[in-house]
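Okay, thanks everyone, I'll keep this short. Have a look at the sequence and the structure on the screen, and then I'll walk you through what I'd point at.

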Amino acid sequence: MKPCNRLLEEDNGGSYILKDDAYTAYAEMCEQHGERTTTPDKFKDVVSKMASLDVETAQPRSITPGDSREQAWKYVRFSEQAKDLLGD
């Protein structure tokens, strides 16, 4: 689960990232490095418990279209390496 540390960084400004987007970046990074992935639920559990990140689960409307309220983490942002994996 070491890729988590390369994908996410703390952001005290209150940024949000969708949990599904974080898993997509994680899976892409694992594939590029020939590492095995874990399940999406295990990944989300590990990120929520990472000592280096103080995250909060939220369902913000501000980052999803319409009235959708997908699960997200607050107080975390993607590292530059993760942004490259996600594309647009």
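Before I read out the fold, a word on terms: helices and strands here are DSSP runs, at least four residues for a helix and at least two for a strand, numbered from the N terminus. With that, the chain reads α-β-β-α-α-β-β-β-α along the sequence. That comes to 4 helices and 5 strands. There are 88 residues in the chain, and 36% of them are buried.

Now, the caveat up front: this is a predicted model. The mean pLDDT of the chain is 76, with 72% of the residues at 70 or more. So where is confidence lowest, and where is it highest? The low end is helix H1, residues 3-7, with a mean of 68, and the high end is H2, at 88. As a general point, where pLDDT is low you shouldn't read the predicted coordinates in detail.

So let's go to H2. This helix covers residues 19-32, which is 14 residues. At 1.5 Å a residue it should span 20 Å, and the end C-alpha atoms are indeed 20 Å apart, so the two agree.

Which residues of H2 are buried? They are Lys-19, Ala-22, Tyr-23, Ala-25, Tyr-26, Met-29 and Cys-30. If you look down the helix axis, the buried residues of H2 sit within an arc of 160°, so they line one face. On the other side of H2 you have Glu-31 and Gln-32, both exposed. And after the helix comes Gly-34, with a positive phi, near 65°.

Next one along, H3, residues 40-49. Here the buried residues are Phe-43, Lys-44 and Val-47. Down the axis of H3 they fall within an arc of 95°, so again we have buried residues lining one face of a helix. Turned away from that buried side, H3 carries Asp-41 and Lys-49, which are exposed.

Okay, the core. The largest nonpolar core has 17 residues. The members touching the most other members are Leu-7, Leu-8, Ile-17, Phe-43, Trp-73 and Phe-78. Which elements each supply at least two residues to this core? H2, H3 and strand S5, residues 76-78, each do. H2 gives the most, with 6 residues.

Let me stay with those two helices, this time for the aromatics. There are 3 aromatic pairs in the structure. One of them is Tyr-23 with Tyr-26, a tilted pair at 5.5 Å centre to centre, with 50° between the planes. These two tyrosines are 3 residues apart in H2, so about one helical turn separates them. Then Tyr-23 has another partner: its ring centre is 5.5 Å from that of Phe-43, and the planes are at 75°. Anything over 60 degrees counts as edge-to-face, so this pair is edge-to-face. The Tyr-23 and Phe-43 pair also links distant parts of the chain, with Tyr-23 in H2 and Phe-43 in H3, 20 residues apart.

How buried are those rings? The cut-off is under 20% relative accessible area. Tyr-23 comes in at 16%, so it counts as buried, and Phe-43 is at 0%, so it's buried as well. Tyr-26 is buried along with Tyr-23. Put together, Tyr-23, Tyr-26 and Phe-43 form one aromatic cluster.

Now the charged side. How many salt bridges does a search of the whole structure find? Just 1. The side chains involved are Asp-20 and Lys-44, at 3.3 Å, N to O. This pair, too, links distant parts of the chain: Asp-20 is in H2 and Lys-44 is in H3, 24 residues apart. As for exposure, Asp-20 has a relative accessible area of 43%, so it is partly exposed, while Lys-44 is among the buried residues of H3.

One last spot, away from those helices. Glu-9 is in strand S1, residues 8-10. At 31% relative accessibility, Glu-9 counts as partly exposed. Glu-9 and Glu-80 are 71 residues apart in sequence, and their C-alpha atoms are 9.7 Å apart in space.

So if you take one picture home, take H2 and H3: an edge-to-face pair of Tyr-23 and Phe-43, a salt bridge between Asp-20 and Lys-44, and residues from both helices in the largest nonpolar core. That's it from me, happy to rotate the view.

Definitions and conventions: Residues numbered from 1 in each chain as written. Predicted model: local features only at pLDDT ≥ 70, side-chain atom pairs only at ≥ 80, totals over all residues. Heavy atoms only, no water. Expected span 1.5 Å × (residues − 1). Buried < 20%, exposed > 50% of the residue type's maximum accessible area, 1.4 Å probe, protein only. Arc of directions from axis to C-beta. Core = buried A, V, L, I, M, F, W, Y, C linked by side-chain atoms within 4.5 Å. pLDDT = per-residue confidence, 0-100. Salt bridge = Lys/Arg side-chain N within 4 Å of Asp/Glu carboxyl O. Phe/Tyr/Trp six-rings, centres within 6.5 Å; stacked < 30°, edge-to-face > 60°.
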